[in-house]
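User: I am new to this structure and would like a close look at one part of it, the open sheet. Please go through how its strands pair, what covers them and what lies around them.

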Amino acid sequence: MNGSRGTDDTYKAEPSHREMMQQELMDLGVWLIEHPEAAHKNLKPIRSARVLEPGVYYNRGTGMVDRIFAPQRVPLGHRLFRVSTDPAAPVEEIRRKVLEGK
């Protein structure tokens, strides 16, 4: 073994917990793209924010569910929905809110 993470068989065979969480958020984004009515029904739309507070957001323009840990400016024209005010919320809680709105 040469010590490089890119060629380490264990690294390739066992994705990290962080990678698995990111994949789950990507899957939720795909589900929301396929069910656009769910975003309006289950999530809080961000209408006039100039700066996003930390939290978890669904960006309808990109179809991505993102964790934001520091305040960020909102690009003009983006359609964002707040999923959670806690950027470190467990994926299960995010999934439940996206699917059920609770």
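Analyst: E3 and E6 pair in the antiparallel sense, and four bridges join them. This is a predicted model, so the confidence values come up further down. One contact point in this pairing is Tyr57, whose bridge partner in E6 is Arg82. Another position to look at is Tyr58, which stands opposite Phe81 in E6.

Strands of a sheet pair through backbone hydrogen bonds, in either a parallel or an antiparallel way. Here the sheet is open and has four strands. Their order is E1-E6-E3-E4, and the pairing is antiparallel. Which strands stand at the edges? They are E1, residues 44–46, and E4, residues 64–68. Each has a single partner strand, so one side of each has no neighbour in the sheet. Neighbouring strands are also turned against each other, by 35° on average with direction ignored.

Start at the E1 edge. E1 and E6 run antiparallel, and three bridges join them. E6 covers residues 80–84. Pro45 has Phe81 of E6 as its bridge partner. Lys44 stands opposite Arg82 in E6. Arg82 is also the bridge partner of Tyr57. Phe81, in turn, has Tyr58 opposite it as well.

Now cross to the other edge. E3 and E4 pair in the antiparallel sense over five bridges. Asn59 has Met64 of E4 as its bridge partner. The two strands form a hairpin with four residues between them. In that hairpin, Gly63 takes a positive phi near 75°.

How buried or exposed is E3? Five of its five residues are buried, so E3 is largely enclosed by the rest of the structure. In a regular strand the side chains alternate between the two faces of the sheet. In E3, Gly55, Tyr57 and Asn59 point one way. Val56 and Tyr58 point the other way. All of these residues are buried. E6 is mostly covered too, with five of its five residues buried. For the chain, buried residues make up 28% of the 102 residues.

What packs on the sheet? Helix H4, residues 91–100, does so. H4 touches E3, E4 and E6. The direction of H4 makes about 130° with that of E6.

H4 also takes part in a link to another helix. The structure holds one salt bridge. Glu24 and Arg95 form it, with their closest N and O atoms 3.6 Å apart. Glu24 lies in helix H2, residues 17–34, and Arg95 lies in H4, so the pair ties together parts that are 71 residues apart in sequence. Glu24 counts as partly exposed, at 30% relative accessibility. Arg95 counts as partly exposed as well, at 30%.

Between E6 and H4 there is a loop, and Ala88 lies in it. Ala88 counts as exposed, because its relative accessibility is 55%, and the cut-off for exposed is over 50%. Which residues does Ala88 contact, leaving aside its neighbours within four places in sequence? They are Arg67 and Phe69. Ala88 and Arg67 are 21 residues apart in sequence, and their C-alpha atoms are 7.5 Å apart in space.

Step back to the chain around the sheet. The chain has four helices and six strands. From the N terminus on, the elements run α-α-α-β-β-β-β-β-β-α. Contacts in the chain with a separation of 6 or more can be split by distance in sequence, and residues 24 or more positions apart account for 52% of them. The accessible surface of the chain comes to about 7100 Å². Carbon and sulfur atoms account for 52% of that surface.

Last, the confidence. The mean pLDDT of the chain is 80. Of its residues, 77% reach 70 or more. Over residues 4–8, pLDDT stays under 50. For that stretch the model has five contacts beyond four places in sequence.

Methods. Residues are numbered from 1 along each chain as its sequence is written. Side-chain values use heavy atoms; hydrogens and water are left out. pLDDT is the predictor's confidence in each residue, from 0 to 100. Contact means heavy atoms within 4.5 Å. Buried means under 20% relative accessible area, exposed over 50%, partly exposed in between (1.4 Å probe, protein chains only). Accessible areas come from the Shrake-Rupley method with a 1.4 Å probe; for residues, only the protein chains shown count as cover. Two strands pair if DSSP finds at least two bridges between them. Axes are lines fitted to C-alpha atoms, for helices over the stretch in contact, and angles run from 0 to 180 degrees between N-to-C directions. A salt bridge is a side-chain nitrogen of Lys or Arg within 4 Å of a carboxyl oxygen of Asp or Glu.
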